[in-house]
Amino acid sequence: MSDIDRLFQQNDKIFERWNLREIPFTESASSLRSQTLDRVFTGRVEELKQVVPLLRGRERKRVLVYGWTGIGKSAFILEVLQGLQRNDSQAKVAYITLQPNMDLGTAALIALAREMPEDEWAQRQLNEMGLGNLIRQRDSEIGGQLGISAKFTEKILDVEPTKYPALAFEGLLERALKTSDRVAIGIDDLDKQDPARVRQLLEDAQGMLKGDAWFFLSGHPGGLTRDLVNRERGLFDLSLELNPFDVDTTYTMLKKYLASARIKDISDNDEVAALHPFTPETARILCEKSSGIPRWFNRSASYILLRAANLEADKITLDILEAGLEYAKVQLRGQTGFTAEEAYLLQLILGKGILSDENITLGELERMGVKEFNEILPMINALVQQDLVRLLPDDRAIAIAPNPILQAE
Ligand SMILES: Nc1ncnc2c1ncn2[C@@H]1O[C@H](COP(=O)(O)OP(=O)(O)O)[C@@H](O)[C@H]1O
Ligand SMILES: [Mg+2]
């Protein structure tokens, strides 16, 4: 037998012993198929309770979902849209990730057009934008599934904007409303644009946003969204901030992810089987180490399973967990693309435990080539994007803490 075949078989055996078909953890919500998202989606009940009644009303609403990278904005928007689709057969839902240099009208137009394959005019719009083949690609999949269209939107770049996208959208929306009671459109990742531009985009799109569709927009609060929440209250009917999970919710989330990949079903009240290959103890440590950030949780959990498979471990014991966390640490530290200043900033945060404008020195700022704390915000954001640090929830000051994985001995 060739080495690769033997390795595949060994690997299969470990997964069998874990009662898992595959590693269930993923870093981004849009890479989950819609059914899987629904199976693993955890918590956010209070937030859903605020959204669902709005979706029952006749009057269209605008909802802003904000929170830091990896907190679960995309997952939340996709869950809401899919839930609406399942529970209201008269609703049409569309989702798109906003691309750099794309205005909201164009985004909404593309999102809706992709959900109207029967509308020739919509398809012509897509073709004019060079997106016609996207439809064909998507149609070859199970079709109309949000999770799938979400995946393809990631590939659209540098779209040539039509001359009057907002007007074109209006026309299309009118047509959609002939066959659907309501149209809900999720435009994810406003923060792919710089803050000044986001404000401009929203201003330009006021007419469209106040039109006849429901809108769900998301962004992270790097100056931008907090500002929006404060200054553009009139524009949004509801602003939802997503916060980190507590440890118990993360623990539930772990069980759901594992359950979504089980080979053999397990009984509901068998806690040990539900956590396997984690033990209750190592499961708890993993949950504590992810700081309640779903993406940190997913990343660490998947590194740990990869390492455990590599070690052919039947169970994630304390020793195996330690090896997994060490592996996660090396992977996180090994990410490339930092500037020297960002690397220095990370060292600083690790050294201080928590960095804020109160405990940073002038000398430290100078070493990063700046004079004021505010100037390092883009560098902080670069580290946030790579899951290395997070901002602590605090309205008055900015305080940054490292990913606990990086501090593991
Ligand atoms: N409520 C949740 N339940 C289960 N998994 C979640 C939840 N929120 C987020 N996730 C998962 O965590 C990861 C990061 O979430 P994502 O929605 O992409 O974050 P954001 O859009 O805020 O950057 C994804 O794998 C996503 O599926
Ligand atoms: Mg997202």
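**Notebook: two sheets and two cores**

I began at strand β4, where I187 has L217 as its bridge partner. The model is predicted, and I read every entry below with that in mind.

**Entry 1, pairing around β4.** I looked up the strand that I187 belongs to. Strand β3 covers residues 182–188, and four bridges hold it parallel to β4. I then turned to β1, which is joined to β4 by five bridges, again in the parallel sense. Within that pairing I found Y66 matched with G219 of β4.

**Entry 2, burial of β4.** Is β4 enclosed or open to the outside? I checked residues 214–219 and found six of the six buried, so the strand is largely enclosed by the rest of the structure. I sorted the residues by face: W214, F216 and S218 lie on one side, F215, L217 and G219 on the other, and all are buried. Side chains in a regular strand alternate between the two faces of the sheet.

**Entry 3, the whole sheet.** I followed the pairings outward and wrote down the order β2-β3-β4-β1-β5, an open sheet of five strands with parallel pairing. Which strands stand at the edges? They are β2 (91–97) and β5 (238–241); each has a single partner strand, so one side of each is left without a neighbour in the sheet. I noted an average twist of 15 degrees from one strand to the next. For the β5 edge I looked up its partner: β1, residues 62–66, runs parallel to β5 and is joined to it by four bridges. L64 is placed opposite S239 of β5.

**Entry 4, the largest core.** I listed the largest nonpolar core, which has 87 residues; A108, L112, I185 and I304 touch the most other members. Helix α5, residues 104–114, gives the most to this core, with eight residues. The core takes at least three residues from each of two domains, domain 1 (3–20 + 245–333) and domain 2 (44–241). I then looked up A108 by itself. Outside the four nearest places in sequence on either side, A108 is in contact with F169, I185, I187 and M208. I187 is thus the residue I started from, the bridge partner of L217.

**Entry 5, after α5.** I moved on to D119, in the loop between α5 and α6 (120–128). Is D119 buried or partly exposed? I found 16 other C-beta atoms within 10 Å, and 20 or more would be needed to call a residue buried, so D119 is partly exposed. I also took the C-alpha separation of D119 and R175, which is 8.7 Å although they are 56 residues apart along the chain.

**Entry 6, the second sheet and core.** I looked up the other open sheet, three strands in the order β6-β8-β7 with antiparallel pairing. Its edges are β6 (355–356) and β7 (389–391), each with a single partner strand, so one side of each has no neighbour in the sheet. Two bridges pair β6 with β8 (residues 399–402) in the antiparallel sense, and L355 has I400 as its partner in β8. Helix α20, residues 377–385, lies across β7 and β8 and runs at about 120 degrees to β7. I found I400 again in a separate core of 11 residues, which also includes L345, I376 and V389.

**Entry 7, totals.** I recorded 21 helices and eight strands for the protein chain. Of its 409 residues, 38% count as buried. Among contacts with a separation of 6 or more, 75% come from residues 24 or more positions apart.

Terms used. Residues numbered from 1 in each chain as written. Chains lettered and ligands numbered in written order. Predicted model: local features only at pLDDT ≥ 70, side-chain atom pairs only at ≥ 80, totals over all residues. Pairing = 2+ DSSP bridges. Axes fitted to C-alpha atoms, helices over the stretch in contact; angles between N-to-C directions. Buried ≥ 20, exposed ≤ 12 C-beta atoms within 10 Å, placed from the backbone. Contact = placed C-beta atoms within 7 Å. Core = buried A, V, L, I, M, F, W, Y, C linked by C-beta atoms within 7 Å. Domains from an automatic or database assignment. Lists of a residue's contacts leave out its neighbours within four places in sequence.
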